[in-house]
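Subject: Handing over the structure, with notes

Dear colleague,

I am passing this structure on to you, together with some notes on what was found in it. Please keep the structure open beside the text as you read.

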Amino acid sequence: MAGERQLASPSAGRMSVREEDDAGIEIRGVRQTFGDVVALDGIDLSVRPHTRLGIVGPSGCGKSTLLSDIAGLLEPDEGTISIGSAETPRERLARCALMPQKDLLLPWRTALDNACLALENRGLARKAARELARPLFERFGLGEFEERTPAELSGGMRQRVAFLRTLMAEKAVFLLDEPFAALDSITRAQMQEWLLGALEEEPKTALLVTHDVDEALLLTHRVVVFSARPGRIVQSFETNFPRHVPRREIVTSPEFSALKEQALEALEC
Amino acid sequence: MLTAEKKPRQLGVAEKARSSDGRTRHVLKTYGPPIVLVVLAIGVWELLCRALDVPAYLWPTPSLIATTLVDNADGLASDTWVTLKEVVYGFLIAVAAGLGIGIALHLSGLLRRGVLPLLIASQSIPTVVLAPVLVLVMGFGIGPKLAIIALFCFFPICINTVDGLGSVDREYVRMMLTLDASRSAIFRRVEFPSALPSIFSGTRIAATYAAIGAVFGEWAGSEAGLGFQMLQAQGRLDTPLVFAAVLIVTLIAVAVFLLVTIVERLTIPWAKT
């Protein structure tokens with residue numbers, strides 16, 4: 001599948017992205033201010049290739065700002081961020097895909113055409129792009145929804161389409177910015193399970209920003225807790241839960257509860 | 001414009017079965033009240049004119065206007081054709097210019113800062129005053145009429161284009177940037193489509209101006225058209241004919257408006273509220 005998509009790639013630039021697929025993220029001494037407001041200060045983080053890092057923290061602690069910095073949509077005032085050999089914002093932008101809280105599906109495009117955006121942006125004809133995206137819809141349980149417009153889909157379905165759109169960008173790094181915050185808790189639980197399955201299948205270097213401690217513990221390999229503004233790292237711990245066990249069993253296990261308590265405690269101080 | 005939350009909309013079997021019935025009701029709800037109101041107003045008008053014995057050259061009855069319309073059908077038809085052509089061409093020029101200049105203003109910050117204030121200031125110039133000057137420069141042909149209609153209609157289209165393009169949620173742009181979008185891809189795939197509802201609402205406002213613009217243009221100097229006919233009839237105190245011409249101008253305005261609305265529904269079905 002990956003080879004097939006690579007063949008269809010129209011730009012040589014993407015090949016180099018593929019070679020760098022193993023890129024991890026290195027963040028050194030990042031400080032970001034907006035006028036007088038210090039959003040982030042002294043952030044040091046590294047994410048190993050193909051692992052997922054969760055960031056939890058109170059509202060306004062600069063979590064989303066950090067994602068924008070990593071993606072090259074913002075430039076930090078101080079410090080460096082590199083993704084593999086990519087150091088400039090432009091190079092980082094080429095390696096990152098961002099999945100925001102809002103699904104941001106274009107209402108005039110069908111689900112399938114929304115997922116094709118990245119391929120079309122790279123110059124692939126719409127028809128060819130659709131052929132490449134179609135198998136993914138089947139694979140991720142969205143087979144019958146290809147031709148629906150976003151208005152005809154439920155919130156959970158729209159987030160899945162948004163995820164496929166991000167996946168189709170074939171970037172080495174996934175930045176997930178509270179992807180399920182707008183969903184009700186039952187749908188969110190289902191989506192977490194679905195996303196975990198999808199990420200296990202397509203291993204990416206990923207950063208997940210969330211308010212939801214459960215979500216971070218469940219979906220990532222390491223969780224860091226941010227303080228309130230200016231965002232600083234207060235605590236960091238490894239999570240190592242079995243990935244192919246039902247969500248319910250994990251979240252009710254004593255290990256999970258212990259870690260959750262630790263994280264909540266860190267959030268309070 | 002782009003809102004992330006929308007209710008899922010799916011028609012069930014029962015709803016589909018009822019939908020033709022529902023459409024009739026919808027049509028009645030939409031067009032019923034204005035029709036009833038117009039019929040009532042015409043009735044009151046007719047009765048008042050008759051009861052007070054108002055002379056026709058001051059304020060003709062609807063029935064007299066109707067018979068005048070029929071009696072002068074041939075002449076009015078050719079005048080209508082002249083005016084309709086002016087309205088359609090002038091309006092199309094305004095749409096092209098409004099869209100083109102609006103897009104240019106959006107894409108160039110320098111142009112926007114320089115030109116937009118001037119454009120807004122220019123709206124305080126009464127276009128009607130310009131009409132005779134335009135006739136002097138461009139003659140009695142269709143030229144000055146098109147220019148006046150375009151001047152009338154251009155502004156709402158242009159401003160709504162600039163506003164619509166500028167008010168796209170930045171998050172969509174960021175999303176597109178992480179999906180390898182170039183400036184032109186962002187414009188074509190996100191900004192322009194999401195500005196369309198705003199552009200169409202400007203175009204609908206402009207549609208109502210086009211017919212008035214044509215009449216002003218003809219008043220400034222012309223040899224045919226409904227505006228020309230109004231002036232001629234006014235000179236003869238043939239007020240029923242003036243009213244008949246006004247009626248046709250109104251119908252043209254409504255027709256252009258409806259046409260824009262239909263094009264809007266076909267172009268952006270996803271934006272219907």
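Which residue is the bridge partner of A:Cys96 in β6(A)? It is A:Val173, and this pair is a convenient place to start, with the caution that the model is a predicted one.

The sheet in chain A

The pair belongs to the contact between β5(A) and strand β6 (residues 173-177) of chain A, two strands that run parallel and are joined by four bridges. A little further along, A:Ala97 stands opposite A:Phe174 in β6(A). From β5(A), A:Cys96 and A:Leu98 point one way, while A:Ala97 and A:Met99 point the other way, and all of these residues are buried. Such a pattern is familiar, since in a regular strand the side chains alternate between the two faces of the sheet.

These two strands are part of an open sheet of six strands in chain A, with the order β5-β6-β7-β3-β8-β9 and mixed pairing. Its edge strands are β5 (96-99) and β9 (233-238) of chain A, each of which pairs on one side only. Between neighbouring strands of this sheet the turn is 15° on average, with direction ignored.

Further into that order, β6(A) and β7(A) are paired in the parallel sense over five bridges, and A:Leu175 has A:Leu207 as its bridge partner in β7(A). To get from β6(A) to β7(A), the chain passes through helix α9 (residues 185-201) of chain A, and this β-α-β crossover is right-handed. Five bridges also join β7(A) to strand β3 (residues 52-56) of chain A, again in a parallel arrangement, and there A:Val56 stands opposite A:Thr210.

Why can strand β7 (residues 205-210) of chain A be called largely enclosed by the rest of the structure? The reason is that six of its six residues are buried. Both of its faces are covered, with A:Thr205, A:Leu207 and A:Val209 buried on one side and A:Ala206, A:Leu208 and A:Thr210 buried on the other.

An enclosed helix

Helix α3 (residues 63-71) of chain A is likewise largely enclosed by the rest of the structure, because nine of its nine residues are buried. Among the buried residues of α3(A) are the charged-type names A:Lys63 and A:Asp69, along with A:Ser64, A:Thr65 and A:Ser68. Just after α3(A) comes A:Gly72, which takes a positive phi of about 80°.

The nonpolar core

The largest nonpolar core has 138 residues, and those with the most contacts inside it are A:Met168, A:Leu175, A:Leu207, B:Ile149, B:Cys153 and B:Ala210. Two of these names, A:Leu175 and A:Leu207, are the bridge partners described above.

On the chain B side, B:Cys153 lies in helix α6 (residues 143-166) of chain B and counts as buried because it has 30 C-beta neighbours inside 10 Å. Leaving out residues up to four places away in sequence, B:Cys153 touches B:Phe91, B:Ala94, B:Ala206, B:Tyr209, B:Ala210 and B:Gly213. B:Cys153 and B:Ile205, although 52 residues apart in sequence, are 8.0 Å apart from C-alpha to C-alpha. With its neighbours within four places in sequence left aside, B:Ile149 has contacts that include B:Glu86, B:Phe91, B:Ala94, B:Ala210 and B:Gly217.

Where the chains meet

The contact between the chains takes 21 residues from chain B and 23 residues from chain A. On the side of chain B that touches chain A, α7 (170-178) and α8 (183-220) of chain B each supply at least two residues, and the largest share, six residues, comes from α7(B). By class, that side of chain B has 13 nonpolar, two polar and six charged residues.

Two aspartates in loops

Is B:Asp180 buried or exposed? B:Asp180 counts as buried, because it has 24 C-beta neighbours inside 10 Å. Its place is the loop between α7 and α8 of chain B, and it has a positive phi of about 60° although it is not a glycine. B:Asp53, in the loop between α1 (13-52) and α2 (62-71) of chain B, also has a positive phi, of about 55°, without being a glycine. With 6 C-beta neighbours inside 10 Å, however, B:Asp53 counts as exposed.

With best wishes

Notes: Residues numbered from 1 in each chain as written. Chains lettered and ligands numbered in written order. Predicted model: local features only at pLDDT ≥ 70, side-chain atom pairs only at ≥ 80, totals over all residues. Core = buried A, V, L, I, M, F, W, Y, C linked by C-beta atoms within 7 Å. Buried ≥ 20, exposed ≤ 12 C-beta atoms within 10 Å, placed from the backbone. Contact = placed C-beta atoms within 7 Å. Nonpolar A, V, L, I, M, F, W, Y, C, P; charged D, E, K, R; others polar. Pairing = 2+ DSSP bridges. Axes fitted to C-alpha atoms, helices over the stretch in contact; angles between N-to-C directions. Right-handed = clockwise from strand over helix to strand, strands pointing away.
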